[in-house]
Amino acid sequence: MKYRIGILILLYSLFFAFNTSFANYIDNLQSGWTLYGKTELIPKSSKSIKLKKSINNNLQSNLRKKILSGNKVVLLAKNNTILAEYYGIPESKTPGGNSISKSVVSLIIGKALCSGLIDINKKSEFYSKDLKNTSWGNATIEQLLKMSSGAYSSPSNLYGHRSINMQKELSSAIKGKSSKSVVKILKSVDEKKFDAGEKFNYSNADTLALGLVIKSVYGKEVHEIVKLIWEETGSNYDAFWLKNHLNETMSYMGLAANPKDWILLGNYVIKNLKKDNCFGKYLKKASNTQIRFNSFSDNRNYGYQMWTDCGLGSGAFCFVGALGQLLLIEPKTNMVLYVHSISRKWGGINHWDNYFFEAIKTIKN
């Protein structure tokens, strides 16, 4: 009897600890990592763009039908007008984007290219000495953008990490704990598995390597350079980017922003990719398929740190993050869908692209 009681107490303790830990993670995620992590404040724009609101009853009704328990924020907008919305958390929150951040790193690379600081056809070790003699250093910047460094093969359940140890080392920043430097972590997982450019492999390390290139050419961390883009988006709220204890940017997952500012980021991308200048041409390539990955059910193919073919043939592309973070962008109609979730069962793009497609048809009519 005592044995059974002991087992029950142990199981309850483990259950309680797990749920408490997850709850703390969610609180931290929705607070822009500021509760436990070390973050860099990214100031709101000095020329903020105020979103208007014109709720479409049909779109609002259909959106409500799509809400799952894990969905906490959903915003649908066209240009600078919100057409449908759902908030399950306070509107002032700054949800972490997780791997949406990778696509923002791509924007910075595009800016560096158009400023003449880099040539994406050159090997990354040309710019970052830290990457010399690594798979990432041997890959061109474009190959890193396409997630094809060849460094390792990542199991699907580890979300771009090579191993559990790599995941623990990097995620320690979320808890504000110390770990190895980004360079040491990269070198410890470099298997030189494939030739650079040979195949797509979703890899957090490829984005971290791009962060090191950015640091080398600008002389500043990613979390400093992104402030220039945040100013241009017309953001209304301060954002945050997670850093480790060495002040290094967690470039693969660390950006957190208010939902309305995620919409403004989508608008910013649409506006710029329609321009016939260097940055516009880069964004056109970045948001169109550069390498195929047909085996992944939710996200179709890949551009430059952006998922492509995201909207039922509508030409949409998307920025995607773990636990259901989504920024779905459709340049032809200037529509943007943002989803913040706290569940792996959030529905994925296969859950939302039908709604998005129907919304596009509704607005056209």
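Hi everyone, let's start with the pocket: helix 1 (2-30) and helix 6 (164-171) each supply at least two residues of the lining of the largest pocket. Helices here are DSSP runs of H or I with at least four residues, strands are E runs of at least two, and both are numbered from the N terminus. Before going on, a word on the model: it is predicted, local features need pLDDT of at least 70, side-chain atom pairs count only at pLDDT 80 or more, and totals for chains, interfaces and linings use all residues. Residues are numbered from 1 along each chain as its sequence is written, and side-chain values use heavy atoms, with hydrogens and water left out.

Back to that pocket. Its volume is about 950 Å³, and the residues closest to its centre, out of the 25 that line it, are Y25, Q167, S171, I174 and R344. A pocket is found on a 1 Å grid over the protein atoms alone, as an open set of points where a 1.4 Å probe fits, with protein on both sides within 12 Å along at least five of seven lines; lining residues have an atom within 4 Å of a point. Points are joined across faces, edges and corners, and the volume is the space filled by probe spheres set on them. Which helix gives the largest share of the lining? That is helix 1, with six residues. By type, the lining has eleven nonpolar, eleven polar and three charged residues. Nonpolar here covers Ala, Val, Leu, Ile, Met, Phe, Trp, Tyr, Cys and Pro; charged covers Asp, Glu, Lys and Arg; the others, Gly among them, are polar.

Now please look at strand 4, residues 81-87. Is this strand mostly covered or mostly open? It is mostly covered, with seven of its seven residues buried. Buried means under 20% relative accessible area, exposed means over 50%, and partly exposed is in between, using a 1.4 Å probe and protein chains only.

Strand 4 has partners, too. Strands pair if DSSP finds at least two bridges between them. Strand 3 (residues 71-78) runs antiparallel to strand 4, with six bridges joining them; L76, for example, has A84 as its bridge partner. The hairpin of these two strands has two residues between them, and N79 there takes a positive phi near 55°. Strand 2 (residues 52-53) runs parallel to strand 4 and is joined to it by two bridges, with K52 partnered by T81.

Strand 2 and strand 4 also share a side-chain contact. K53 and E85 meet in a salt bridge, 2.9 Å from N to O. K53 sits in strand 2 and E85 in strand 4, 32 residues apart, so this pair links distant parts of the chain. A salt bridge is a side-chain nitrogen of Lys or Arg within 4 Å of a carboxyl oxygen of Asp or Glu. The two ends differ in cover: K53 is partly exposed at 48% relative accessibility, while E85 is buried at 13%.

How many salt bridges does a search of the whole structure find? Eleven. Another one brings together K111 and E232, at 3.0 Å from N to O. Because K111 lies in helix 3 (residues 100-114) and E232 in helix 9 (residues 222-233), the pair ties together parts that are 121 residues apart in sequence. Both ends are partly exposed, K111 at 23% and E232 at 42%. There is also a network of salt bridges that links E40, E224, K227 and K243.

Let me finish with the disulfides, meaning pairs of cysteine sulfur atoms within 2.5 Å. The whole structure has two, in the pattern 1-2, 3-4 when bonded cysteines are counted along the chain. One joins C114 and C278, with sulfur atoms 2.2 Å apart. Since C114 is in helix 3 and C278 in helix 11 (residues 278-286), the bond ties together parts 164 residues apart in sequence. C114 is partly exposed at 29%, and C278 is partly exposed at 38%.

The other disulfide joins C310 to C318, S to S 2.1 Å. Why is this disulfide called left-handed? Because the torsion about its S-S bond is about -65°. Here C310 is buried, with a relative accessible area of 0%, and C318 is also buried at 0%. Thanks for listening!
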